[in-house]
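Here's a quick briefing to read with the model open beside you. Take a look at the fold first, then work down the bullets.

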Amino acid sequence: MLMRTDPFRELDRLTQQLMGPGSWSRPSAMPMDAYREGDEYVVAFDLPGVTADAIDIDVERNMLTVKAERRPVAKADDVQMELSERPLGVFSRQIVLADTLDTDHIQADYDAGVLTLRIPIAERAKPRKISIGVGSGRKEISG
């Protein structure tokens with residue numbers, strides 16, 4: 001379902017530090033975990049400091065897009081920033097979902113800075129038993 005390793009993750013982090021915050025046209029990546037739990041896939045995104053109304057989740061066909069914006073906290077005029085390491089700006093992640101997932105029933109929860117999406121496996125993709133019918137007798141073909 002997902003790419004398991006990202007060899008460019010450290011390069012992305014360094015680029016983000018050098019180029020500044022993301023924008024809607026050039027968003028920064030957000031860290032995530034993805035795993036299967038029973039009959040659903042769970043995807044968790046780290047979005048600390050982001051309000052729930054600043055998160056946008058879209059599904060188009062089998063492409064899941066999550067965008068979020070961490071806005072600066074309003075400060076008084078007499079405040080002088082001494083250190084600023086928390087990234088601001090726009091964060092985005094796109095995931096190609098398998099056709100075996102039910103994108104019509106995705107559940108999203110946001111708690112303690114973690115956005116958790118639960119994507120059920122479609123009924124048609126779940127394993128099922130096929131019963132074998134037994135004929136009522138032999139049939140003879142005559143010609």
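Let's start with one residue: Arg61 counts as exposed, because its relative accessibility is 78% and the cut-off for exposed is over 50%. Keep in mind that this is a predicted model. Arg61 sits in the loop between β4 and β5, and although Arg61 isn't a glycine, its phi is positive, at about 55 degrees.

**The β4–β5 hairpin**
- Strand β4 covers residues 55-60 and strand β5 covers residues 63-70; the two run antiparallel and are joined by 6 bridges.
- If you want a pair to click on, Asp56 stands opposite Lys67 in β5.
- The hairpin has 2 residues between its strands, and Arg61, with its positive phi near 55 degrees, belongs to this hairpin.

**Another loop residue with a positive phi**
- Ala112 isn't a glycine either, yet has a positive phi of about 55 degrees.
- You'll find Ala112 in the loop between β7 (107-111) and β8 (114-120).
- Ala112 has a relative accessible area of 75%, so it counts as exposed.

**The second largest pocket**
- How much space lies in the second largest pocket? It comes to about 190 Å³.
- Its lining is made up of Gly49, Arg70, Arg71, Pro72, Val73, Lys75, Met81, Leu83, Ser84, Arg86 and Leu88.
- Sorted by character, the lining residues of this pocket come out as 5 nonpolar, 4 charged and 2 polar.
- Arg70 links two of these topics: β5 spans residues 63-70, and Arg70 is also one of the residues lining the second largest pocket.

Technical notes. Residues are numbered from 1 along each chain as its sequence is written. This is a predicted model: local features need pLDDT of at least 70, side-chain atom pairs count only at pLDDT 80 or more; totals for chains, interfaces and linings use all residues. Side-chain values use heavy atoms; hydrogens and water are left out. Two strands pair if DSSP finds at least two bridges between them. Helices (H or I, at least four residues) and strands (E, at least two) are DSSP runs, numbered from the N terminus. On a 1 Å grid over the protein atoms alone, a cavity is a set of points where a 1.4 Å probe fits but cannot get out, and a pocket is an open set with protein on both sides within 12 Å along at least five of seven lines; lining residues have an atom within 4 Å of a point. Grid points are joined across faces, edges and corners, and a volume is the space filled by probe spheres set on the points. Ala, Val, Leu, Ile, Met, Phe, Trp, Tyr, Cys and Pro count as nonpolar, Asp, Glu, Lys and Arg as charged, and the others, Gly among them, as polar. Buried means under 20% relative accessible area, exposed over 50%, partly exposed in between (1.4 Å probe, protein chains only).
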